[in-house]
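Colleague: I am new to this structure and would like to learn how to read it. Could you show it to me and take me through some features?

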Amino acid sequence: MRQALSYLALSGCEQETLIKAWEQRFDLPCKDRREGKEILRKIEEEIRAIPLPLHPLAEQKGHEKKSRPVERILIERGVLHHPRAERILSHFPGVGVEEITHYKDIFRRSTDGRRTLILAEKKGKLLYPGAPVCQNFGNRYFFYASQIMNCIFDCEYCYLKGMYPSDAMVVFLNLEDYFEELRELLSEHPVYLCLSYDTDLLALEAWTSFLHEWSGFIKEHPSLSVEIRTKSAYTGFYEKEKPLENLIFAYTLSPKSIVSTYESGAPSLSSRLTAVKKAMEKGFPVRLCFDPVLYCEDWQTIYGVFLDEVMETVDFGRVKDVSAGVFRIPHPYLRQMRKQTPHSAAAQYPYRNEGGVACYETALEEEIRQFFIQKLTKKIGNDKIFWWKTQGNCDKVDT
Ligand code: SF4
């Protein structure tokens with residue numbers, strides 16, 4: 001109940017009026033625990049019907065809306081003289097650098113508010129099987145790698161807030177070890193690899209050059225297919241590099257009001273669309289991602305206007321495919337995210353728990369899905385739309 005009430009407060013509803021109405025309607029206080037549970041279920045259902053607000057409450061409370069600059073750099077002793085470390089450090093003249101033994105000593109706890117960058121070496125396993133809440137686009141051998149942990153942007157709904165104990169950005173420098181592990185996998189079967197789930201690699205390319213290095217590896221391995229998920233407006237990569245069929249740039253696009261309310265520090269919709277057009281113009285395969293779709297106030301109008309703008313701006317004949325899905329997050333991550341961001345309506349919304357995944361009501365998810373499919377199929381075939389479904393197989397490719 002406390003959880004539901006905290007969402008009510010953030011959603012801008014008349015909390016007192018609603019509580020009074022419930023007291024009368026349900027004849028509160030309730031008689032026993034059983035009746036209380038039933039009433040709570042009904043109240044939760046009502047609160048779930050209240051959409052996310054689009055007025056930037058976070059901004060009113062003084063939260064930073066721009067991406068934060070790096071204020072402190074920590075570097076593991078073992079990679080002090082690594083050429084990639086030297087290259088990265090050259091981009092941050094004037095930022096204090098401290099030596100550490102192991103990144104985990106720092107990463108286990110939250111930082112003191114300063115944007116911290118950690119340069120480290122990743123040991124042990126480097127490639128993981130794709131998570132069940134992510135789409136595999138029909139690829140049987142779906143893996144992901146976390147070469148950088150945490151993101152330069154600060155989207156309120158980001159699962160990273162629930163996944164990591166710290167917001168420090170950890171950059172692993174030992175690319176060769178990733179390549180080695182990948183070579184072993186590729187000797188057994190093709191691989192579909194998502195490289196940019198736990199960060200935005202393209203947004204960091206100007207100072208890491210990691211994509212440049214990956215590009216060389218990907219070119220030599222045609223049975224490897226790599227997806228780079230991004231919200232970045234950086235187009236320098238497309239100017240400098242040659243396109244590859246098996247290197248896909250997956251742009252997450254959101255309506256303007258969602259960007260300004262919930263995607264702190266991330267580029268505007270128009271900058272992302274400019275980057276999409278540049279990538280396509282230079283021949284890079286582009287995937288459009290409408291994911292996560294948020295249940296926000298007046299969502300049909302907000303997303304309708306947005307889809308019209310995207311469909312007018314982008315040449316869908318050149319889009320590789322479309323990925324879409326409503327917001328969902330593993331339930332344990334949501335718990336942690338709620339603690340970290342008590343001011344966020346996106347985190348405090350009373351999601352349903354479906355087999356360990358926090359998500360919207362099935363009927364709402366289906367309504368949003370139908371709305372998107374109807375719009376998108378005017379521009380692109382069913383076979384190129386991948387919609388994530390909470391019910392059934394998480395990687396279901398079904399339109
Ligand atoms: S861009 Fe993606 S990874 Fe970065 S904060 Fe936003 S949702 Fe998270």
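Modeller: Start with burial. A residue is buried if 20 or more other C-beta atoms lie within 10 Å of its own, exposed if 12 or fewer, and partly exposed in between; the C-beta atoms are placed from the backbone. D298 has 12 C-beta neighbours inside 10 Å, so D298 counts as exposed. One caution: this is a predicted model, where local features need pLDDT of at least 70, side-chain atom pairs count only at pLDDT 80 or more, and totals for chains, interfaces and linings use all residues. Residues are numbered from 1 along each chain as its sequence is written.

Colleague: Where does D298 lie?

Modeller: Helices and strands come from DSSP runs: H or I over at least four residues for a helix, E over at least two for a strand, numbered from the N terminus. D298 sits in the loop between β13 and α14 (299-313). The backbone of D298 has a positive phi of about 55°, although D298 is not a glycine.

Colleague: What is the general rule for phi and for peptide bonds?

Modeller: Most residues other than glycine have a negative phi, and most peptide bonds are trans. S209 is another case with positive phi, near 60°, in a residue other than glycine. S209 lies in the loop between α9 and α10. With 16 other C-beta atoms within 10 Å, S209 is partly exposed.

Colleague: Which peptide bonds are cis?

Modeller: Two to look at. The bond from L28 to P29 is cis, with omega near 0°. P29 is in the loop between α2 (15-25) and α3. A cis bond also joins D291 and P292, with omega about 10°. P292 belongs to strand β13 (residues 286-293).

Colleague: Which residues does G325 touch?

Modeller: Contact has a cut-off: two residues are in contact if their C-beta atoms, placed from the backbone, lie within 7 Å. Not counting residues up to four places away in sequence, G325 touches D291, P292, V293, W387 and W388. The cis pair D291 and P292 is thus met again here. G325 lies in strand β14 (residues 319-326). G325 has 24 other C-beta atoms within 10 Å, so G325 is buried. The C-alpha atoms of G325 and Q135 are 9.5 Å apart, with their positions 190 residues apart along the chain.

Colleague: Now a helix. Why can one face of a helix be picked out?

Modeller: An α-helix has 3.6 residues a turn, so residues three or four places apart point the same way. Take α10 (residues 210-219): F210, L211, W214 and I218 are buried. Seen down the axis of α10, these buried residues fall within an arc of 85°, so they line one face of the helix. The arc is that of the directions from the helix axis to the C-beta atoms. On the other side of α10, H212 and G216 are exposed.

Colleague: What do the buried residues of α10 pack against?

Modeller: They pack against α8 (175-186), α9 (205-208), β10 (224-230), α11 (236-240) and β11 (247-252). E213 is in α10 too. E213 is partly exposed, with 15 other C-beta atoms within 10 Å.

Colleague: How do helices α1 and α3 cross?

Modeller: Axes are lines fitted to C-alpha atoms, for helices over the stretch in contact, and angles run from 0 to 180 degrees between N-to-C directions. The axes of α1 (residues 2-10) and α3 (residues 33-48) come within 10 Å and cross at roughly 25°. Therefore α1 and α3 are roughly parallel (under 35 degrees; over 145 is roughly antiparallel, 65 to 115 roughly perpendicular, the rest oblique). The contact is made by A4, Y7 and L8 of α1 and I43, E44 and I47 of α3. These residues divide into five nonpolar, no polar and one charged. Nonpolar means Ala, Val, Leu, Ile, Met, Phe, Trp, Tyr, Cys and Pro; charged means Asp, Glu, Lys and Arg; the others, Gly among them, are polar.

Colleague: Is G162 buried or exposed?

Modeller: G162 has 21 C-beta neighbours inside 10 Å, so G162 counts as buried. G162 is found in helix α7 (residues 160-163). Leaving aside neighbours within four places in sequence, G162 is in contact with I329, Y333, L334, Q336 and M337.
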